[in-house]
Amino acid sequence: MGKTNNQFTEQHLSNIKRRFYEKITKTELEPNVLSESSFSGLKQTQKSIINRRRYRKFIYIPVTAALSLCIFTGAAAAIGILDLSSVLHFLGVDRIAILQPVHQESEDQGIRVEVIGAVRDGDTTEVYVSVSDLISERIDENLDVYDYRLTGGKASNAQIIYYDRAAKTAIVRFVTQGEISTNRMTVRINTLMSGAARKDGYSVPVDWNLLLQQKEKNSYEMLNSDQISGLGGKIANGMDTDSFQVLRKDQTNIAVQGVNWMYISNIAFVNGKLHVQINPDNEVGGYNHGFFYFIDEQGHRLDIPENSISYGYYMKDGVGYGGDYIEYIYDLSSFKALNKLRIQGSFTNIAEVIQGKWETSFNLNQLNRSKRGHVNLGKNAGTQVEATLSPIGITLTGEALGMIRMEDLKIELQLKDGTRMSALTGFIQLDNDLVKWISSKTIRVEDVSNLLINGQKVNLEE
């Protein structure tokens, strides 16, 4: 082989690195199973994975350059560039590019929890965690991470966004919002629930004729506020009230078909309002939850506000817990033909509660790419909210958010190249005054020219 006069320079190495990154970003990944609705909490599972053939292409590279490329690609694999794309193949390469690989594991009760990757941008932290069952079939597409904590942040949310049936592994995305004073983060999980699935349309057997006949004759009990373990709905505004009216316990035993963790222990009118009292099971009843609602003869769901009172207590492992009974209260005074109403329920059914201790800690640096602005979502200054734009999505903060339904929020991003991104779904209500939109595509903040929220332009500043 003849001697060449060409020298391998820093520019050559830069070109090789550039080509390497281009190769990664163009690598053909598995089919994307996430859509905008996936980021709104709707769980989607992939029933089949299309196997795609991969072809090797031989490229001639000078020996010195090839050696440098081998060293660089080895380092890339070591820091997790390729590993993240293989594990989180349902994400787009633009999202994977901003994630910091973590790969910290914790194992308990035959279940392995691994923090795969994370990103912190402004006040928002996004963490991807895999949960795998090593010995049984307890992990499924309806996994619910019930009791967990992420260090720092004002409010958190956990959603399963992908399930690999063959590997018995679920991928859970944690989102936490709020200032974090340190780069050191900890993910701690104490309770997992398998088979957690919510279903609407449970039929509630009600004898309206009997209820109406006894409407003015029902007896009730008075509870002091210190006997109440929880209030829901507008009745919560009366927490300072000296006493509350509730039904006598266990006057009926009405089963709701398909819901095996509770029964209706009493149902009757008290001072013209319908009370539905349930007695949850002490084992899984504390984790399951749901509510009742009403439909008319045509099957249309009616907008009837619900109040609730939790009271009584039960003992478990020597510890007293409140909420042995839950009583739902409905004002039906505006309906004349009550016997034409039907009661239905929306409830979860959890198969198993798994207690353990899974904890991992890791360092996570912050990306400093964000813009902020303010917008009025109403007609007065009291409806002003702050909007923060980051590569992850948009954060809205302000007291006015407590008066706005998430389904009424419409967000549009106008990019400098003329394209637009619309956010119609993907909202998470982290708190009464905190709403987060998680974009399914990573946002190039510097390319955003305008942000519109419900048609109002937000003046963004660095």
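Let's start with one contact: the side chains of K168 and E137 meet in a salt bridge, 4.0 Å from N to O. Where do K168 and E137 lie? K168 is in the loop between β5 (155–164) and β6 (169–177). E137 is in the loop between β3 and β4. So the pair ties together parts that are 31 residues apart in sequence.

Keep in mind that this is a predicted model.

Is E137 buried or exposed? E137 is exposed, with a relative accessible area of 60%. K168 is partly exposed, at 21%. The cut-off for buried is under 20%.

Now a second salt bridge. E126 pairs with R95, and their closest N and O atoms are 3.1 Å apart. This pair also links distant parts of the chain. E126 sits in strand β3, residues 124–133. R95 sits in helix α4, residues 93–98. They are 31 residues apart. How accessible is E126? Its relative accessible area is 0%, so E126 is buried. R95 has 1% relative accessibility, so R95 counts as buried too.

Third pair: E386 and R372. Here the closest N and O atoms are 3.4 Å apart. E386 belongs to strand β22, residues 384–389. R372 belongs to strand β21, residues 371–376. The two are 14 residues apart. E386 counts as partly exposed, at 23% relative accessibility. R372 is partly exposed as well, at 31%. Elsewhere, R444, E446 and D447 are joined into one network by salt bridges that share partners. How many salt bridges does the count come to? It comes to 9.

On to the strands. A quick reminder: strands of a sheet pair through backbone hydrogen bonds, either parallel or antiparallel.

Take strand β7, residues 184–194. Why call β7 largely enclosed? Because 8 of its 11 residues are buried, the rest of the structure largely encloses it. β7 pairs with strand β4, residues 144–150, in the antiparallel sense over 6 bridges. It also runs antiparallel to strand β19, residues 352–363, with 10 bridges joining them. Look at R188 in β7. R149 stands opposite R188. E359 in β19 also stands opposite R188. So find R188 on your screen, and you can trace both pairings from there. Next, an open sheet of 3 strands. The order is β8-β18-β15, and the pairing is antiparallel. Which strands are at the edges? They are β8 (197–203) and β15 (290–295), and each pairs on one side only. Neighbouring strands in this sheet are turned by 25° against each other on average, direction ignored. β15 is joined to β18, residues 342–349, by 6 bridges. Within that pairing, F294 stands opposite I343 in β18.

There is also an open sheet of 4 strands. Read the order as β25-β24-β28-β29, with antiparallel pairing. β25 (420–423) and β29 (456–458) stand at the edges. Each has a single partner strand, so one side of each is left without a neighbour in the sheet. The average turn between neighbouring strands of this sheet is 25°, direction ignored. Go inside the sheet, to β24 and β28. β24 covers residues 411–415, β28 covers residues 448–453, and 5 bridges join them. L413 has L451 in β28 as its bridge partner.

Now a hairpin. How many residues connect β26 to β27 in the hairpin? The hairpin joins them through 2 residues. β26 covers residues 427–431, and β27 covers residues 434–438. They run antiparallel, joined by 4 bridges. I428 has K436 in β27 as its bridge partner.

Hold on to K436, as it takes us to the last topic: empty space. Rolling a probe the size of a water molecule over the atoms shows where empty space is left. The structure holds 2 cavities of 30 Å³ or more. About 30 Å³ of space lies in the second largest cavity. Which residues line the second largest cavity? Its lining is D121, D123, T124, Q177, T388, S390, T395 and K436. And by class? This lining has no nonpolar residues, 5 polar ones and 3 charged ones.

To recap with three places to look. Find E126 and R95, a salt bridge with both partners buried. Find β7, with β4 and β19 paired to it. Then find K436, the bridge partner of I428, in the lining of the second largest cavity.

Note on methods. Residues numbered from 1 in each chain as written. Predicted model: local features only at pLDDT ≥ 70, side-chain atom pairs only at ≥ 80, totals over all residues. Heavy atoms only, no water. Pairing = 2+ DSSP bridges. Axes fitted to C-alpha atoms, helices over the stretch in contact; angles between N-to-C directions. Buried < 20%, exposed > 50% of the residue type's maximum accessible area, 1.4 Å probe, protein only. 1 Å grid on protein atoms, 1.4 Å probe; cavity = no way out; pocket = protein on both sides within 12 Å on 5 of 7 lines; lining within 4 Å. Points joined across faces, edges and corners; volume = space filled by probe spheres on them. Nonpolar A, V, L, I, M, F, W, Y, C, P; charged D, E, K, R; others polar.
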